[in-house]
Amino acid sequence: MTEVRRDSLGMSHVIITAVAVVTTWIIHEFAHWSVGELLGNNMVMTLNTSYPVNAVYSQPWHEHLISAAGPLITILEAIVFYFLIKKTNSRTFFPFLFTCLYMRTLAGVMNLINLNDEGRLSQALGLGTFTIPFLVFGILLYLAFTVVQEKNYKTKHIVITILLIMLFSSILILSDQMMRLTIIKTSL
């Protein structure tokens, strides 16, 4: 008798997706915070931002390294989950990979309103606003698309995952904007 593989989209998928969103955002912001601290800046980290306590970096060039740290760790996270999915064939890891793609896509689009990590870095390197955002998007899209194709994920699974990621990301971002809950703060 052959086992029928079900596309499990129950409450466990909702919880895993929520964990994926919160974890991805915190890891991303922690990368900014930790690089800022390593460079000698006293930093503050919230759910959706990291910045120097006194609003100015100790050296202007620090902003570029700190801006690069978040997207680099997010790409690394996506690569790790890409390989975990390929190795284990577990759909549990898909929300983690797709959250990385969604997060950096949203940041890229937001460059139209306010420069984000990749946009700032791209401009600082004289590449225009969208060169690095498109490069990061391309890498993350390739990883997600390859997994979807190779593992034959159903459209329903992908759409529900995207909607959950959008919901939890929106809650996280709006919560941060309204409450500005400090996660880590270095005193002067």
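How many aromatic pairs does the ring-pair rule count in this structure? The exercises below begin with this count.

The structure is a predicted model, in which local features need pLDDT of at least 70 and side-chain atom pairs count only at pLDDT 80 or more, while totals for chains, interfaces and linings use all residues. Residues are numbered from 1 along each chain as its sequence is written, and side-chain values use heavy atoms, with hydrogens and water left out.

**Exercise 1. Give the number of aromatic pairs and describe the pair formed by Phe-30 and Trp-33.**

Step 1. Rings of Phe, Tyr and Trp (its six-membered ring) pair if their centres lie within 6.5 Å; planes under 30 degrees apart count as stacked, over 60 as edge-to-face and the rest as tilted. By this rule the count is seven aromatic pairs.

Step 2. Phe-30 and Trp-33 form a stacked pair, with 5.5 Å centre to centre and 25° between the planes.

Step 3. Both residues belong to helix H1, where they are three residues apart, about one turn of the helix. Helices (H or I, at least four residues) and strands (E, at least two) are DSSP runs, numbered from the N terminus.

Step 4. Buried means under 20% relative accessible area, exposed over 50%, and partly exposed in between (1.4 Å probe, protein chains only). Phe-30 counts as partly exposed because its relative accessibility is 40%, whereas Trp-33, at 13%, counts as buried.

**Exercise 2. Characterise the pair of Phe-94 and Tyr-153, and place Phe-94 in its surroundings.**

Step 1. The pair is edge-to-face, with 4.7 Å centre to centre and 80° between the planes.

Step 2. Phe-94 lies in helix H3 (residues 94-110) and Tyr-153 in the loop between helix H5 (131-150) and helix H6 (155-179), so the pair ties together parts that are 59 residues apart in sequence.

Step 3. Both Phe-94 and Tyr-153 are buried; the relative accessible area of Phe-94 is 0%.

Step 4. Contact means heavy atoms within 4.5 Å. Leaving aside neighbours within four places in sequence, Phe-94 is in contact with Ile-85, Val-147, Val-148, Tyr-153, His-157, Ile-158 and Thr-161.

**Exercise 3. Determine the strand order of the sheet and explain which strands are at the edges.**

Step 1. Two strands pair if DSSP finds at least two bridges between them. Three strands form an open, antiparallel sheet in the order S2-S1-S3.

Step 2. Strands S2 (50-52) and S3 (184-185) are at the edges; each has a single partner strand, so one side of each is left without a neighbour in the sheet.

Step 3. Strand S1 (residues 43-45) pairs with S3 over two bridges, and Val-44 stands opposite Lys-185 in S3.

Step 4. Helix H1 (residues 11-38) packs on the sheet and touches S1, S2 and S3; the direction of H1 makes about 175° with that of S1. Axes are lines fitted to C-alpha atoms, for helices over the stretch in contact, and angles run from 0 to 180 degrees between N-to-C directions.

**Exercise 4. Classify the crossing of H4 and H5 and list the residues that meet there.**

Step 1. The axes of helix H4 (residues 117-124) and H5 come within 7 Å and cross at roughly 130°.

Step 2. That angle makes H4 oblique to H5. Angles under 35 degrees count as roughly parallel, over 145 as roughly antiparallel, 65 to 115 as roughly perpendicular and the rest as oblique.

Step 3. From H4, Glu-118, Gly-119, Leu-121 and Ser-122 meet Thr-131, Ile-132, Pro-133 and Val-136 of H5.

Step 4. By class, this contact has four nonpolar, three polar and one charged residues. Ala, Val, Leu, Ile, Met, Phe, Trp, Tyr, Cys and Pro count as nonpolar, Asp, Glu, Lys and Arg as charged, and the others, Gly among them, as polar.

Step 5. The buried residues of H4 are Asp-117, Glu-118, Gly-119, Leu-121 and Ser-122, and they pack against H1, helix H2 (62-88), H3 and H5.

**Exercise 5. Locate Asn-152 and Arg-180 and state the sign of phi for each.**

Step 1. Most residues other than glycine have a negative phi.

Step 2. Asn-152, in the loop between H5 and H6, has a positive phi of about 55° although it is not a glycine.

Step 3. Arg-180, in the loop between H6 and S3, also has a positive phi, near 45°. Its relative accessible area is 44%, and Arg-180 is therefore partly exposed.
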